[in-house]
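Visitor: I have this one open and want to go through a few local details. Can you take me through them?
Guide: Yes, go ahead.

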Amino acid sequence: MKIKLYSDGAKFEEMVEDYKKGHDGFTTNPSLMKKGGVTDYMAFAKKVLEEIPDRPVSFEVFSDDFDQMEEEARAISALGDNVFVKIPVTNTKGESSLPLIKKLSAEGFKLNITAIFTLDQVKDVVDVLSEEGESIVSVFAGRVADTGVDPMPLMKEAAEICHQKKNVYLLWASTREAFNIKQAESISCDIITVPPSILKKLDLFGKDLNEYSLETVQGFLKDAKSSGLSIL
């Protein structure tokens, strides 16, 4: 596949496992860190980077205040050359992060702009990004689909916008199923970030469907026998 596969999570053992499997990069966020049981942000980040020193790793700022967000961004970026700083497109008050994004990008920071849902947001973000440093534009295609909207037209146009500038990469975020990888690749997304549970399904690509059908029935029978349930 041409598209780059990033593992999305904050469980240290899974990240190391996916690194050994050769996945192209890694993304985290506050919700994943909470779910993963992280208790010390910087200690966790440093531990991850000791094991993953040569592939992109995105760590997100926590603050809702832009001045403190900038301080956090500088602290995160200083952890390693392969670190991308994730900055949400707005804070919780709906105030735009664009001034901070523009400032950090102009200084050469590697950025991952996150929580993007609309083409207007894509256009605004790409407009302020410098071509000197690498930047990732993370569009939450999966959450868009959750609203009953087909994300494909949005992502296709987002790719065209991002590719108007060098060193700006479109990322398909909030992956829901393995087929999203094929969809993202078909409309020229550069990256897709995928939970480890879905990455494991890559082994199914190209599997014979008749064989898969039989294995599914066999699984039902195995579970039926072990359940202790009966009909008659």
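Visitor: What caps the N-terminal end of helix 4?
Guide: D65 does, in this predicted model. A side-chain oxygen of D65 lies 3.2 Å from the backbone nitrogen of D67.

Visitor: And how many residues does helix 4 have?
Guide: Helix 4 has 12, residues 66–77. From first C-alpha to last, helix 4 reaches 16 Å, close to the 16 Å expected at 1.5 Å a residue.

Visitor: Which residues of helix 4 are buried?
Guide: M69, E70, E72, A73 and I76. Seen down the axis of helix 4, these buried residues fall within an arc of 165°, so they line one face of the helix.

Visitor: What about the other side of helix 4, buried or exposed?
Guide: D67 and E71 are exposed there. D67 is also the residue whose backbone nitrogen takes part in the cap from D65.

Visitor: What covers the buried residues of helix 4?
Guide: The cover includes helix 3 (41–51) and helix 5 (98–106), along with strand 3 (57–60) and strand 4 (83–88).

Visitor: E70 is an acid on that list of buried residues. What does the side chain of E70 meet in a salt bridge?
Guide: The side chain of K103, at 3.0 Å from N to O. K103 lies in helix 5 and E70 in helix 4, so the pair ties together parts that are 33 residues apart in sequence.

Visitor: How accessible are the two partners, K103 and E70?
Guide: E70 has a relative accessible area of 14%, so E70 is buried. K103 counts as partly exposed because its relative accessibility is 40%.

Visitor: Which residues are linked with E70 and K103 in a network of salt bridges?
Guide: R74 and E107 are linked with them in that network.

Visitor: How many salt bridges does the count come to?
Guide: The count comes to 10. Another of them pairs the side chains of E134 and K110, at 3.9 Å from N to O.

Visitor: Where do E134 and K110 lie?
Guide: Both are in loops, 24 residues apart. E134 is in the loop between helix 6 (119–128) and strand 6 (135–139), and K110 is in the loop between helix 5 and strand 5 (111–116), so this pair, with K110 at 26% relative accessibility and counted as partly exposed, links distant parts of the chain. E134 is partly exposed as well, with a relative accessible area of 30%.

Visitor: One more salt bridge. What does the side chain of E211 meet?
Guide: The side chain of K207, at 3.6 Å from N to O. E211 counts as partly exposed at 39% relative accessibility, and K207 counts as partly exposed at 23%.

Visitor: Going back a bit, where does N82 lie?
Guide: N82 lies in the loop between helix 4 and strand 4. At 11% relative accessibility, N82 counts as buried.

Visitor: Which backbone oxygens lie by the side chain of N82?
Guide: Those of I52 and R55. The backbone oxygen of I52 lies 2.9 Å from a polar atom of the N82 side chain, and the N82 side chain reaches the backbone oxygen of R55 at 2.8 Å.

Visitor: What else is N82 in contact with?
Guide: Leaving aside neighbours within four places in sequence, the contacts of N82 include L49, P53, D54, P56 and V57. K110 is also one of the contacts of N82, and K110 is the residue that pairs with E134.

Visitor: Changing topic, how many disulfides does the structure hold?
Guide: Zero.

Visitor: Why is C162 not bonded to C189?
Guide: The sulfur of C189 is the closest cysteine sulfur to that of C162, but the two are 8.5 Å apart, which is too far for a bond. A disulfide needs the two sulfur atoms within 2.5 Å.

Visitor: Are those cysteines, C162 and C189, buried or exposed?
Guide: C162 counts as buried at 0% relative accessibility. C189 is buried too, with a relative accessible area of 6%.

Visitor: And overall, how many helices and strands are in the protein chain?
Guide: There are 11 helices and eight strands. The C-alpha trace spans about 70 × 40 × 35 Å along its principal axes.

Visitor: What share of the residues is buried?
Guide: Buried residues make up 46% of the 232 residues in the protein chain. Among contacts between residues at least 6 apart in sequence, 65% join residues at least 24 apart.

Note on methods:
Residues are numbered from 1 along each chain as its sequence is written. This is a predicted model: local features need pLDDT of at least 70, side-chain atom pairs count only at pLDDT 80 or more; totals for chains, interfaces and linings use all residues. Side-chain values use heavy atoms; hydrogens and water are left out. Helices (H or I, at least four residues) and strands (E, at least two) are DSSP runs, numbered from the N terminus. The expected span of a helix is 1.5 Å times one less than its number of residues. Buried means under 20% relative accessible area, exposed over 50%, partly exposed in between (1.4 Å probe, protein chains only). The arc is that of the directions from the helix axis to the C-beta atoms. Contact means heavy atoms within 4.5 Å. A polar contact is a pair of N or O atoms within 3.5 Å; within protein, one must be able to donate a hydrogen and the other to accept it, and residues adjacent in sequence count only if both atoms are side-chain atoms. A salt bridge is a side-chain nitrogen of Lys or Arg within 4 Å of a carboxyl oxygen of Asp or Glu.
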